[in-house]
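Biologist: Please take one part of this model and look at it closely. I would like the packing of one pair of helices, with enough of the surroundings to place it.

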Amino acid sequence: MDKMLTLTCPCCNVTAEETEFHAGGEAHLKRFGPGSSDDEFESYLFTRKNPKGVHFERWRHNNGCGKWFHVARCTTSLEVFASYPAQTYAPPEDILVHIDTRRPGWRAKT
Amino acid sequence: MSDPVTALNHLSSGDGIAHIAEIGPLGMITLRGDLRARAIQAAAISIGRVEFPEMRHCNSAGENGIAWMSPDELLVMCPYAEVGEALTKMNTTLAGQHALAVNVSDARAVFQVTGPYLREVLAKLAPVDLDPGVFTPGMFRRTRLAQVPAAFWMRDDQTAQIICFRSVAKYVFDLLCMAAQPGSEVNHF
Amino acid sequence: MSTRLATGGRLLNKSKPLGFTFNGKQMRGYEGDTLASALLANDQMLVGRSFKYHRPRGIVAAGPEEPNALMNLGAEGRFEPNARATTTELFEGLEANSQNHWPSLEFDVGAINKHLSRFLPAGFYYKMFMYPRSFWKHVYEPFIRKSAGLGKAPKARDEDTYEHFYAFCDVLVVGGGVAGLQAAKTAGQTGARVIVMEQSEHWGGRALVDGGTVVDDGPVDKFVEQIFSELEAMDNVQLRSRCMGAGVYDHGYALGYERLSDHKPGRDGPRHRLWRVRASHVITATGALERPLSFAGNDIPGVMLAAAVRDYAVNFGVSVGDRTVVVTNNDNAYLTAISLKHAGLDVPAIIDARVLSQDSAQVAQAKALGIRVMMGHAIASVKGTKRVTGVEICAQAGEGAVLEEISCDAVAMSGGWSPVVHLWSHCGGKLRWDAVNACFSPDPDNPPKGVDGMGFVTPAGAASGVFALDDVLNDAHAAAEGVMTTLGLRLPKDSAAPVAEHRGDAPMAPVWMMPQGANVKLREKAWLDYQNDVKVSDVRLAAQEGFVSVEHAKRYTTLGMATDQGKLSNINGLATLAGALDTDIPNVGTTTFRPPYHPISMAAIAGEAKGHVFQPIRRTPMHDWHNNNGAEWEPVGAWRRPYAYPKPGESTHNAVMREVTNTREKLGLLDASTLGKLIVKGPDAGRFLDMMYTNMMSTLKIGKCRYGLMCSENGFLIDDGVVARIDADTWLCHTTTGGAENIHGHMEEWLQTEWWDWNVYVANVTEQYAQVAVVGPNARKALEKLGGMDVSREALGFMEWADGDLGGFKCRVYRISFSGELSYEIAVDAAQGQAFWDALMVAGNDLGVMPYGTEALHILRAEKGFIMIGDETDGTVIPQDLGLHWAISKKKEDFLGKRAQERSHMTDPARWKLVGLETTDGSTLPDGAYAVATGTNANGQRNVQGRVTSSYHSPTLGKGIAMGLVLNGPDRMGEVITFPGTDGKDYDARIVDPVFYDKEGEKQNV
């Protein structure tokens, strides 16, 4: 059976299985619109990280409160480090520090 | 106007381990806004006539009630015939406030599942912990029932009220009947 | 022969005899029997034929590891293939048929394959079926198809129902043997929520057959009775029998497969229930499986696992043979010899491959019973074809020189025990090699890890690699204690493992080939995998041919594939491979254990989703009316929309033509309720919609409507619809049918994740309204007949909307047209939808009213050159391709898709552009056809220069009309291009303006 993760939505505090959620790809992309260079636009639209290890993702609680949020997760062990609001430009520092304890040296690899 | 017709015209089934009935029509208003704002709370309470709910709760009394839908959304419930007036009243209360109040009474179908096995009926369809120690009357859960989104709360130990989209009312009714089919007691809770 | 004993059978209710049939033959058994035990009681040892060589196969095991006794069970709506006789509880009237034989079980033509066995070696399929290529279709594929699979596919619709059940617990204990029961008790004492699953209908597991003594309770059956009643009394512990822990997955997810009515077909309720459990921790108390020994003829019916022979005698009062030779490398199999002897049966010898310096308790007891114990010996070969007739004995250390022959009709073999590590391994738990017991057991340092990165599975008892009763109970208690500590729950102070008496077994000795130096001839008759017909020689050949990875060797030889999943064949196969590669077993490693542990029904996985609840069907408020008025349905997303309403005797095509003509000439009604309706409100709503749509929505006047296009950030067209300005900060956006949820989600995504400081709220009110398009020259007359609000041209102009009252119905009327006719789209509350539709039908009665469906809608719009999302667009089309420049704002600095539409590929003049197409002979172009150009491409295919996106016969124009995307199309008006059809015909079509009808738009403006 696929869809086996459990995630906690920081907007309604529900911890639920993946079937309540919808995955939205890499988090913290910066939008480039009209006036941006071809390279900037290409990187915004197409260039995605595909890390083996720590990853920051967007998820939506679509069969729930309907809100988008972010998840810090390990793509190999599937460990979930934290979920946090979508209204951020970068992962909060306390979450980064927590990941340091779980995956020492991970920052050097990204 | 003619008499309002619910999605399934009050279809019900009592053959199985729980009684399932479409109820309504019920007045339902989606209210979006800053839930901390006084005007929003006042608007909700003036129509819902219950205490303002905590996160993921639904306070209800008869046909009135307020359900917490999301950090910026409530479902305010009242008798069906009062919705028009209620919206006018709400919009007056909300004047000058960034908020959205819309009538969704007909966009939804509402079911009641009653009986001692109602938790099991729901637990066959929703990926939710329905243990009596975990999910208690008054809690409100938006989730899915099999393949469609739905929300429910327990009015009391023997009564759950389920809200889904009107277009899938028949599917949800059939699902509930299937989950409550005779001889399907799990005896888990 | 195998038969029922006068005594024994602790699971039987002999007062309840049951009748059943096997291959049409009437047989008798008792309540409590499995199908396998009942077959043996009826002397039916031969139960099937093997997969490749069609060799006779007998029952080998007494549990889910059984490789041979797979049955076609039942008939018609309750037919099921591949049911294991050993896990099928007997019931009155059971019908079983053996599989994979032709024409009969006793005489099987395919058995000729066994004489060809040296031509059917490992990798045979890969080698044989490659060349010549032309043989594939007519020779190889039919052969493989005929050979593939064991059982028959059911033909009738399944009569039963199935369900899922979502359960949550602190601890899930899989296995209801003494380890599982003890772990559950220890865990349950903390008050934690515990679920215990036992695959069979009985609690207590092997211990009840193998015996033992627990100090405080006495014999182990008393202990089981006691602990079971304690667990039953705990409210926080849930005991489920006939419920197999099927798999363990990420984040504490586990599946349980509960068989509710397999033993009572036709009983009320679902047949199977799939438990979808989320457990904080899983304890696998899944026991161990006995391994066969590899000796020549070990597949001849009558050769069985030693513990199975014991189970049949003790549990079911069945003797599998009158004279049973026991062959072993461990003490455990002595229990079989002893129990057979106690049952009054003959055990001519115990062949023990070991040489012990002194007799252990078991050996001594066997000898005391007068059983001949032959240490250091082995079976050289089993005699017999459809049934064992004797064994040839040799020295284990030698090459198989026969020392003597012992006549017997059964062989009970034991190659040692392997912990059932499947559930531990499903989600990534690692194994370690236990050299003492010659088995892989869970490596406690490498458990499967959960959502928090911590281990969430703990093995208990035999599953963790301890086998003696006292060790098992200690291990189970300690395992549960450890789990409870990690969960932060405390055990009562006096909680302790029960003390059991220790039975001093002598160590086992690994034996991977019997005799050790067996020659090729013997190895070719020593089976590793009975079900897939893999022999010791096959694995050696695979190694010789370079398949050194265990995963490759498995696939090359098919060892442990299919339903076996490594239960019986795994370790023996690995050891053989290790031997052939001259390395040790841990170096070879194991293959991957995949869930489910034991096959589960597909229907249980589907759960309730079958028949009328297979999938949600969305219905409009007028659904029943359409159904009662002959609608043929078209699925549009999950919605069902009427495609057309053919009258009795009328073809669908003619109905569509009639509906189009009637709408153009008189009055048509369309149920447009499925169109999405989104309310967008707030001080920043105008600004927001300017980003969402390619055109300007902020400037739309209150009371007016505007057609809008929506693109993704990739620039591609994703949706379209009419937007109405409701008030100063409120808009209502119509989306396509099926687009409502997506576009609502799209809007929410941008509002929540990009412009979260903009003050905008969106609500999806699609289903609040029933919406009816009233279309045609008589549309206004019909509304005037209903009476109420002013719908005149002056009061409600084209592309305007108004709230009001029609015929007593509160409504919102949009003067918009997707047909080119005078048209009103009228929204009423859904609860009034049917009544309003009825009122329109009455009002239109004298005006020629008829409902029309989606196909007429398509033709009406195509005649007008209006695009349809999903026809003219396919996810690669931008509005500019469709000549929709007029709907793309040049004033706006930004909108979603604007930057993408500036990319070089998007502005390439060679992009195909929308045109109209008219066949030169009036026929209808095939939808989707490509227009050919001169020359060929790199693959030798003809070059293309365009394709048809929509094509219909227009009754209005009396000819075929189409739209298509064509290279430089708008500059080639009048040119004729050719579209080859799949019917072999070429269709010549002229490039024309896509607006075929009423180019000036006069009709919609009246």
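**A close look at one helix pair**

Modeller: I begin with chain A, where residues 24 or more positions apart account for 48% of the contacts with a separation of 6 or more. Chain A has 110 residues, and 33% of them count as buried. Its secondary structure consists of 3 helices and 6 strands. Read from the N terminus, the order of these elements is β-β-β-α-β-β-β-α-α. The C-alpha trace of chain A spans about 40 × 35 × 30 Å along its principal axes.

All of this comes from a predicted model, so its scores belong here too. The model has an ipTM of 0.98 and a pTM of 0.95. For chain C, which holds the helix pair, the mean pLDDT is 94, and 95% of the residues reach 70 or more.

Now the pair itself. Helix α20 of chain C covers residues 652–665, and helix α25 of chain C covers residues 854–863. The axes of these two helices come within 9 Å and cross at roughly 55 degrees. An angle over 35 but under 65 degrees is neither roughly parallel nor roughly perpendicular, and therefore α20(C) is oblique to α25(C). The crossing of α20(C) and α25(C) is right-handed.

Which residues meet there? On the side of α20(C) they are Val656(C), Glu659(C), Val660(C) and Thr663(C). Facing them from α25(C) are Glu855(C), Ala856(C), Ile859(C) and Leu860(C). Sorted by type, the residues of this contact divide into 5 nonpolar, 1 polar and 2 charged. The nonpolar ones include Val656(C) and Val660(C) from α20(C), together with Ile859(C) and Leu860(C) from α25(C). The polar one is Thr663(C), and the charged ones are Glu659(C) and Glu855(C).

Chain C also touches another chain. Its contact with chain B takes 41 residues from chain B and 41 residues from chain C. On the chain B side, the elements that give two or more residues are β3 (26–32), β7 (100–103) and α4 (169–179). Of these, α4(B) gives the most, with 6 residues. The chain B side of this contact divides into 22 nonpolar, 11 polar and 8 charged residues.

To return to the helix pair: α20(C) and α25(C) cross at roughly 55 degrees, and 5 nonpolar residues take part in their contact.

Key. Residues are numbered from 1 along each chain as its sequence is written. Chains are lettered from A and ligands numbered from 1 in the order in which they are written. This is a predicted model: local features need pLDDT of at least 70, side-chain atom pairs count only at pLDDT 80 or more; totals for chains, interfaces and linings use all residues. Two residues are in contact if their C-beta atoms, placed from the backbone, lie within 7 Å. Helices (H or I, at least four residues) and strands (E, at least two) are DSSP runs, numbered from the N terminus. Axes are lines fitted to C-alpha atoms, for helices over the stretch in contact, and angles run from 0 to 180 degrees between N-to-C directions. Angles under 35 degrees count as roughly parallel, over 145 as roughly antiparallel, 65 to 115 as roughly perpendicular and the rest as oblique. A crossing is left-handed if the near helix is turned anticlockwise from the far one by less than a right angle, and right-handed if clockwise. A residue is buried if 20 or more other C-beta atoms lie within 10 Å of its own, exposed if 12 or fewer, and partly exposed in between; C-beta atoms are placed from the backbone. pLDDT is the predictor's confidence in each residue, from 0 to 100.
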